[in-house]
Every structure is written in C-alpha cells, then in structure tokens.
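Please look over the sequence and the model shown here before reading on. The paragraphs below then lead through some of its features.

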Amino acid sequence: MFSPSQEDVRRFFCATYAKARSGVAMEAIETLAAQWMDEHPEYAADFADVDTALTTMYEATEGRTNPFLHLSMHLSISEQCSIDQPRGIRQAVELLTHKRNSLHQAHHEAMECLGTMLWESQRAGRPPDGEAYIACVQRHATKD
C-alpha cells in the first residue's frame, strides 16, 4: 500500500500544477489532479509555490480548507468510483451527481461522508466502514 508523506502529497500537487500551466505532458493521475485543480482556482497560489506549500499549516480553527487534503479527497473519490471500491460507491456518486446536476458538488458531499467514515474508524480503532460510507452518500442523493 502506498502511503505518501504530507511533503510528497504537496510536492505532487505543486509539480502537477506547474506541468499543467506549462503544457508539459502529464501522467494520467496528474491530468486528473489538474482537472480538479481547475475546479478550484481559489487554491492556485497554494499550488504555485512549493516552498510555501511545504511549510504552511492549515488549521481547521482558522476556517481555511487545506487545499492539498481537499484535492487528495477528490482524487480518492475519483479512484474509488473508477474501480467501484468500496462496491457500490460508483452508483452512489453517480446518483448524487444526477441529483445535484454536478459531479463537483457530488464530490464535496461525498467528501463529508468519507471524512466522517475515516474519523469514526480512527476514533474507534477499527477498519473503515465502506457500507456506512456508501449509505451516507446515498442519503445525500435522496434528500432534498
């Protein structure tokens, strides 16, 4: 299993941002990351300066989203949907996308579910509950 460090993740996004802006050929995962970066122009400055990216701390108490975590979650959900793992996540996200008429909005709602699942897993010291995660996404898709 691949477990990149915080520094690895930040370097990846900054390098991908630079490649995308310069028109350099990219790997598939970089292309996907660049597409999500384009959806979040508010983070451009965070991705443009690798030195600052490596030293900046994003505290929830400051009311600012960590752009590297946010984009990592977009990539995670994209990958989960591409391989339908946990089984049923693809259909749940597709349903939510249809309901919201926006893949981007669907991802943001799925992120809430993903974050909750991971937090509960860590708090309880047990494996992540994929069924609860999918059920949460489905609830978002069926509420008005």
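What follows treats the largest pocket, then the aromatic rings, and then one threonine.

This is a predicted model, in which local features need pLDDT of at least 70 and side-chain atom pairs count only at pLDDT 80 or more, whereas totals for chains, interfaces and linings use all residues. Residues are numbered from 1 along each chain as its sequence is written, and side-chain values use heavy atoms, with hydrogens and water left out.

The largest pocket has a volume of about 1000 Å³. Of the 25 residues in its lining, those closest to the centre are V9, L69, S72, M73 and S76. By class, this lining holds 14 nonpolar, eight polar and three charged residues, and its largest share, eight residues, is given by α5.

A search of the whole structure finds seven aromatic pairs (ring centres within 6.5 Å; planes under 30 degrees apart are stacked, over 60 edge-to-face, and the rest tilted). In one of them, F12 and F13 have ring centres 5.1 Å apart and planes at 70°, so the pair is edge-to-face. F13 counts as buried (under 20% relative accessible area, with a 1.4 Å probe and protein chains only) at 2% relative accessibility, whereas F12, at 24%, counts as partly exposed (between the buried limit and exposed, which is over 50%). Ring pairs link both residues with Y17, Y43, F47, Y58 and F68 into a cluster.

T97 has its place in helix α6, residues 89-100 (a DSSP run of H or I, at least four residues, numbered from the N terminus). The side chain of T97 reaches the backbone oxygen of V93 at 2.7 Å.

Technical notes:
Helices (H or I, at least four residues) and strands (E, at least two) are DSSP runs, numbered from the N terminus. A polar contact is a pair of N or O atoms within 3.5 Å; within protein, one must be able to donate a hydrogen and the other to accept it, and residues adjacent in sequence count only if both atoms are side-chain atoms. On a 1 Å grid over the protein atoms alone, a cavity is a set of points where a 1.4 Å probe fits but cannot get out, and a pocket is an open set with protein on both sides within 12 Å along at least five of seven lines; lining residues have an atom within 4 Å of a point. Grid points are joined across faces, edges and corners, and a volume is the space filled by probe spheres set on the points. Ala, Val, Leu, Ile, Met, Phe, Trp, Tyr, Cys and Pro count as nonpolar, Asp, Glu, Lys and Arg as charged, and the others, Gly among them, as polar. Rings of Phe, Tyr and Trp (its six-membered ring) pair if their centres lie within 6.5 Å; planes under 30 degrees apart count as stacked, over 60 as edge-to-face and the rest as tilted.
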